[in-house]
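Subject: Structure handover

Hello,

Here is the structure for you to look at. Please keep it open while you read the notes below.

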Amino acid sequence: MPTPSITPEILFEARRHFLKLGAGALVSSTALSQLLASMPEEIQLSFTKDPNPLKLTPNTFEQVSNYVNFYEFSTDKTAPVKMAQVMKLKPWSLGFFGEIAREEMVEVDDLIAKFGLEERIYRFRCVEGWSMVVPWIGFPLYKLLDYLRPGSKAKYVKFTTRHEPDIFPDQAKGLFASIKHPYVEGLRMDEARHPLTFLAVGMYGKPLPKQNGAPIRLVVPWKYGFKSIKSLDLIECVEEQPLNTWQAMAPEEYGFYANVNPQVDHPRWSQAKERLLGKLTKQETLMFNGYEKEVSHLYAGMDLRKQY
Ligand code: MTE
């Protein structure tokens, strides 16, 4: 058991060290492996496996957990990996508010017990032009919405990241922060209820690494990655379309829908291709990130150039 003086940072460094040592060192280094066993990332979750009908090949855990976007810590891709280890994940309750049957706060562990866990191997495409394939663990958002019972006025779902400037240095910068905090996202109710829309609490069989949005984040695989908001604090069912953070920051560049669309370029770069993490050459970006069959009906009759 680690002593109380062992900080998450030390544990994190120990894990890095351990990964460098490789399997042989594991047997000889009992103390280290005991330390590592106490890290959330080492806990194995139980879940039903994704049959992976699209035969996707996931990236490695190391690739996905060492290249992140987490502006609450830094705009750098790697700095949050270490910085995020200060996050305290337990207790962590999620607040459910707005046009629902009963407003309440629920612990993430209780949500897991209520809805069970399943794996979803999804493509993930960032608006910046990189992509990855991740085996997420969690439950579909519709299960939570069925439980919350949104009323007829609930047209949208609004998501908000935890606001805790003591933990998130960028939030503490106030007016000088790199984005407007707290991070907000939104989905239309039919998008939110789509069976692909997912709340992830883990990946690669283990709880989410802090830098990937622990303890619970949204994953919407047919939309640009910025819709997949991390470290959720609030889920509200609302009547008005929420103003999501990136739309508020740069409305000419980022919209509400943010559906992956190789035919609609970002004003400053092409969206036709993407670089899969770990690959040197680019690959074609697919309409709705390869989920066209499943989701295109949601946007029938819409001008996807205007409603981007
Ligand atoms: N959520 C919060 N709260 N803060 C962020 O900076 N970045 C978004 C999204 N969710 C972000 C966030 C962006 S731009 C992307 S591409 C994905 O998270 C990145 O997820 P990953 O770091 O797990 O790859």
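The ligand has 18 residues around it (a residue counts if one of its heavy atoms lies within 4 Å). The closest are Tyr71, Glu72, Thr161, Arg217 and Lys230. This is a predicted model: local features need pLDDT of at least 70, side-chain atom pairs count only at pLDDT 80 or more, and totals for chains, interfaces and linings use all residues. Residues are numbered from 1 along each chain as its sequence is written, and side-chain values use heavy atoms, with hydrogens and water left out.

Which polar contacts does the ligand make? A polar contact is a pair of N or O atoms within 3.5 Å; within protein, one must be able to donate a hydrogen and the other to accept it, and residues adjacent in sequence count only if both atoms are side-chain atoms. Among them are these three:

- Glu72 places a polar side-chain atom 2.8 Å from a nitrogen atom of the ligand.
- Asn69 has a polar backbone atom 3.0 Å from an oxygen atom of the ligand.
- Ser228 has a polar backbone atom 3.0 Å from a nitrogen atom of the ligand.

On its own, the ligand has 530 Å² of accessible area, and the protein covers 99% of that. Accessible areas come from the Shrake-Rupley method with a 1.4 Å probe; for residues, only the protein chains shown count as cover.

Now helix H7, residues 141-148. Helices (H or I, at least four residues) and strands (E, at least two) are DSSP runs, numbered from the N terminus. Leu141, Leu144, Leu145 and Leu148 are buried in H7. Buried means under 20% relative accessible area, exposed over 50%, and partly exposed in between (1.4 Å probe, protein chains only). These leucines lie on the same side of H7, because they cover an arc of only 100° around the axis. The arc is that of the directions from the helix axis to the C-beta atoms. In general, an α-helix has 3.6 residues a turn, so residues three or four places apart point the same way.

Take Leu144 in H7. Its relative accessibility is 0%, so Leu144 counts as buried. The C-alpha atoms of Leu144 and Lys114 are 9.2 Å apart, with their positions 30 residues apart along the chain.

What is the phi of Arg149, just after H7? It is positive, about 50°, although Arg149 is not a glycine. Arg149 lies in the loop between H7 and E5. It counts as exposed, at 57% relative accessibility. Asn289 also has a positive phi, near 55°, and is a residue other than glycine. Asn289 counts as buried, at 1% relative accessibility.

Two loop residues reach backbone oxygens. Thr197 sits between helix H8 (189-192) and strand E7 (198-203). Thr197 is buried, at 0% relative accessible area. Its side chain reaches the backbone oxygen of Glu191 at 2.7 Å. Lys227 is in the loop between strand E9 (217-219) and strand E10 (232-238). Lys227 is buried too, at 1%. Its side chain reaches the backbone oxygen of Gly186 at 2.8 Å.

Last, the cis peptide bonds. The bond from Lys90 to Pro91 is cis, with omega near 0°. Pro91 lies in the loop between helix H5 (79-83) and strand E1 (93-98). The bond from His181 to Pro182 is cis as well, with omega near -10°. Pro182 lies in the loop between strand E5 (156-161) and strand E6 (184-188).

Best wishes
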